[in-house]
Amino acid sequence: AISLVAWQRDFLKKDQTRKYLRGKVKQFNEMYLSKAPNDFEHLDCLTKDEEEDLFAESVRLMKETGLTVDSTTYELIRKDFERAKAKKKFCTVNATEELDNSKFSDQWLSFFAEAKTVW
């Protein structure tokens, strides 16, 4: 998301592939900002209702594919789902807010300024 917004704002060279740019952004984020991919200040996450709908749909699809979902299996699925929620797996970075209004905004802008001239 961050590389796409940076590219849209002309912070990056247009001839580089998205895969290359995503890799560079990920590397910068992890090495210099010491942040996990979903450890940003500005995340857009599912609402509680959306989480429950997603969980229910997951269980429904498991049943549809032939998995027997008894109370034990249901609890295991719920625990895995809760772990994923805790890791913010159902969130996306609000890249506009992250670039404009995070405590790392200056570092991101410096990174992209260097990226455009050096890479």
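This is a short walk through the structure above, from its cores to a pocket and a few loop residues.

Okay, hi everyone. Before anything else, please keep in mind that this is a predicted model.

Let's start with the inside. The largest nonpolar core is made of 19 residues. Which residues have the most contacts inside that core? Those are Ile2, Trp108 and Phe112. If you want to find the core on screen, look for the elements that give two or more residues to it: helix 1 (2-8), helix 2 (18-32), strand 2 (91-93), helix 5 (95-101) and helix 6 (105-118). Helix 6 is the top contributor, with four residues. As a bit of background, nonpolar side chains in soluble globular proteins tend to be buried together.

Let me stay with Ile2 for a second. Leaving out anything within four places in sequence, Ile2 has contacts with Val25, Phe40, Val93, Ala95, Glu98, Leu99, Trp108 and Phe112. There's also a second, separate core, this one of five residues, including Phe55, Val59, Ile77 and Phe81. I'll come back to Phe55 in a moment.

Now the aromatics. Searching the whole structure turns up 10 aromatic pairs. One to look at is Trp108 with Phe112: the ring centres are 5.9 Å apart and the planes sit at 20 degrees, so this pair counts as stacked. Both residues belong to helix 6, and they are four residues apart, about one turn of the helix. Are Trp108 and Phe112 buried or exposed? Trp108 is buried, and Phe112 is too. Zooming out a little, Trp108 and Phe112 are part of one aromatic cluster, along with Phe11, Phe28, Tyr32 and Phe111.

Right, back to Phe55, from that second core. You'll find Phe55 in helix 3 (residues 48-64). Phe55 has a relative accessible area of 2%, and because the cut-off for buried is under 20%, Phe55 counts as buried. What sits over the ring of Phe55? It's the charged end of Arg78, 3.8 Å from the ring centre. Apart from sequence neighbours within four places, the contacts of Phe55 are Tyr74, Ile77, Arg78 and Phe81.

And what about Arg78 itself? Arg78 is in helix 4 (residues 71-86). With a relative accessible area of 17%, Arg78 is buried. Not counting residues up to four places away, Arg78 touches Glu52 as well as Phe55. To give you a feel for distances, take Phe55 and Val93: they are 38 residues apart along the chain, and their C-alpha atoms are separated by 21 Å.

While we're in helix 4, have a look at Ala84, which is found there too. Ala84 is at 17% relative accessibility, so this one counts as buried. Beyond residues up to four places away in sequence, Ala84 touches Lys89 and Phe90.

Next, the pocket. How much space lies in the largest pocket? About 320 Å³. There are 12 residues lining the largest pocket, and the closest to its centre are Ala1, Ile2, Val25, Lys26 and Phe40. You'll recognise Ile2, Val25 and Phe40 from the contact list earlier. Helix 1, helix 2 and strand 2 each give two or more residues to the lining. Helix 2 gives the most, with five residues.

Last stop, the loops. Most residues other than glycine have a negative phi. With that in mind, look at Asp10, which has a positive phi of about 65 degrees although it is not a glycine. Asp10 is in the loop between helix 1 and helix 2, and with a relative accessible area of 40% it is partly exposed. Lys88 also has a positive phi, of about 60 degrees, and Lys88 is not a glycine either. Where is Lys88? In the loop between helix 4 and strand 2. Lys88 is partly exposed, at 31% relative accessible area.

Lys88 also turns up in the contacts of Asn38, which, leaving aside neighbours within four places, are Leu43, Lys87, Lys88, Lys89 and Cys91. Asn38 is in the loop between helix 2 and strand 1 (43-45). One more distance before I stop: Asn38 and Glu64 are 26 residues apart in sequence, and 31 Å apart in space, C-alpha to C-alpha.

That's my tour, thanks for listening.

Conventions:
Residues are numbered from 1 along each chain as its sequence is written. This is a predicted model: local features need pLDDT of at least 70, side-chain atom pairs count only at pLDDT 80 or more; totals for chains, interfaces and linings use all residues. Side-chain values use heavy atoms; hydrogens and water are left out. A nonpolar core is a set of buried Ala, Val, Leu, Ile, Met, Phe, Trp, Tyr and Cys residues joined through side-chain atoms within 4.5 Å. Buried means under 20% relative accessible area, exposed over 50%, partly exposed in between (1.4 Å probe, protein chains only). Contact means heavy atoms within 4.5 Å. Rings of Phe, Tyr and Trp (its six-membered ring) pair if their centres lie within 6.5 Å; planes under 30 degrees apart count as stacked, over 60 as edge-to-face and the rest as tilted. A charge sits over a ring if NZ of Lys or CZ of Arg is within 6 Å of the ring centre and within 35 degrees of the ring normal. On a 1 Å grid over the protein atoms alone, a cavity is a set of points where a 1.4 Å probe fits but cannot get out, and a pocket is an open set with protein on both sides within 12 Å along at least five of seven lines; lining residues have an atom within 4 Å of a point. Grid points are joined across faces, edges and corners, and a volume is the space filled by probe spheres set on the points.
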